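Student: I would like a close look at a single part of this protein, namely one helix and the elements around it. Please set the part in its context before turning to the detail.

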Amino acid sequence: MRRALVLMTGALLASATPAFADGTAFHAGSVIKNYGNTAQVPDSRLGPDTKLKVAFDISKPGGKGLESRYLTTPARFLNMHAGAGVLPENMKIAIVVHGGAHRDLMTAKALGEDNPNAGLIAELVAFGARIELCGQTAAFYDLTEEDLLPGVTIALSAMTSHALLQQEGYTLNPF
């Protein structure tokens, strides 16, 4: 009997996942239109009165010549919550960048090549996202705000940014 239950559960799980397995359930979002595709999943806790203030911590670079999946995560966050009924004006995000991820925020001139994240950063900034580079990282790599894409600022440190964001009511997204 137990074996039959295990087999039946396995069969149900296997049959429940194909809708997402090939990516066809994912679509462009309404907030950050060119980045951060998501799947529509109902969540009764969300709606037009939901307010979200979320900070993202990014220290890993996207890879030379590659769009950063870590910077795409905030775009997915905005798109999926808007798709679930949260009003864009009720969502505030901050992105704190440090370590090797600094390269993903640099201008093509400072980087010495095109930055594949420039369009994504521009859309996030246009939405109103705060994007802060750790000042200690900037000092280590001898970067100034002129080396960074428009809308990116330099904070004293990533630790300072997170402390201040927490005081402003932001929660830290662990992804």
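What percentage of the 175 residues of the protein count as buried? And which residues of helix 5 are buried, and what do they pack against?

Tutor: The model under discussion is a predicted one. Of its 175 residues, 39% count as buried. The protein contains seven helices and seven strands, and from the N terminus on these elements follow the order α-α-β-β-β-α-β-α-α-β-α-β-α-β. Among contacts with a separation of 6 or more, 71% are made by residues 24 or more positions apart.

Helix 5 spans residues 118-127, and its buried residues are Leu120, Ile121, Glu123 and Leu124. Viewed down the axis of helix 5, these residues fall within an arc of 165 degrees, so they line one face of the helix. The partners against which they pack are helix 3 (69-83), strand 4 (91-97), strand 5 and strand 6. Just after helix 5 comes glycine 128, with a positive phi of about 115 degrees.

The contact with helix 3 can be described first. The axes of helix 3 and helix 5 come within 10 Å and cross at roughly 45 degrees. An angle from 35 to 65 degrees falls outside both the roughly parallel and the roughly perpendicular ranges, and helix 3 and helix 5 are therefore oblique to each other. Their crossing is left-handed. On the side of helix 3, the residues involved are Leu71, Thr72, Pro74, Ala75 and Leu78; on the side of helix 5, they are Leu120, Ile121, Leu124 and Phe127. Leu120, Ile121 and Leu124 thus appear in this contact and also belong to the buried residues of helix 5.

The strands that helix 5 packs against lead to the sheet. Strands 4, 5 and 6 belong to an open sheet of five strands, with the order 6-5-4-3-7 and parallel pairing. Its edge strands, each pairing on one side only, are strand 6 (152-155) and strand 7 (171-173). On average, neighbouring strands of this sheet are turned by 30 degrees against each other, direction ignored. Strand 5 (residues 130-134) pairs with strand 6 in the parallel sense over four bridges, and cysteine 134 stands opposite alanine 155 in strand 6.

Strand 6 can be examined further through isoleucine 154, which is found in it. With a relative accessibility of 28%, isoleucine 154 counts as partly exposed, because that value lies between the limits of 20% and 50%. Not counting residues up to four places away in sequence, isoleucine 154 touches Leu133, Gly135, Ala138, Leu143, Thr144, Glu145 and Leu148. Between isoleucine 154 and alanine 139 the C-alpha to C-alpha distance is 9.9 Å, at 15 residues apart in sequence.

The loop between helix 6 (135-140) and strand 6 holds aspartate 142. Most residues other than glycine have a negative phi. Aspartate 142, although not a glycine, has a positive phi of about 55 degrees. Its relative accessibility is 65%, and aspartate 142 therefore counts as exposed.

To return to helix 3, a further residue in contact with positions there is threonine 38 of strand 2 (residues 38-39). Leaving aside neighbours within four places in sequence, threonine 38 is in contact with Ala25, Phe26, His27, Arg76, Asn79 and Met80. Threonine 38 counts as buried, at 6% relative accessibility.

Conventions:
Residues numbered from 1 in each chain as written. Predicted model: local features only at pLDDT ≥ 70, side-chain atom pairs only at ≥ 80, totals over all residues. Heavy atoms only, no water. Pairing = 2+ DSSP bridges. Helix = DSSP H or I, 4+ residues; strand = E, 2+ residues; numbered from the N terminus. Axes fitted to C-alpha atoms, helices over the stretch in contact; angles between N-to-C directions. Buried < 20%, exposed > 50% of the residue type's maximum accessible area, 1.4 Å probe, protein only. Arc of directions from axis to C-beta. Contact = heavy atoms within 4.5 Å. Parallel < 35°, antiparallel > 145°, perpendicular 65-115°, else oblique. Left-handed = near helix turned anticlockwise from the far one by under 90°.
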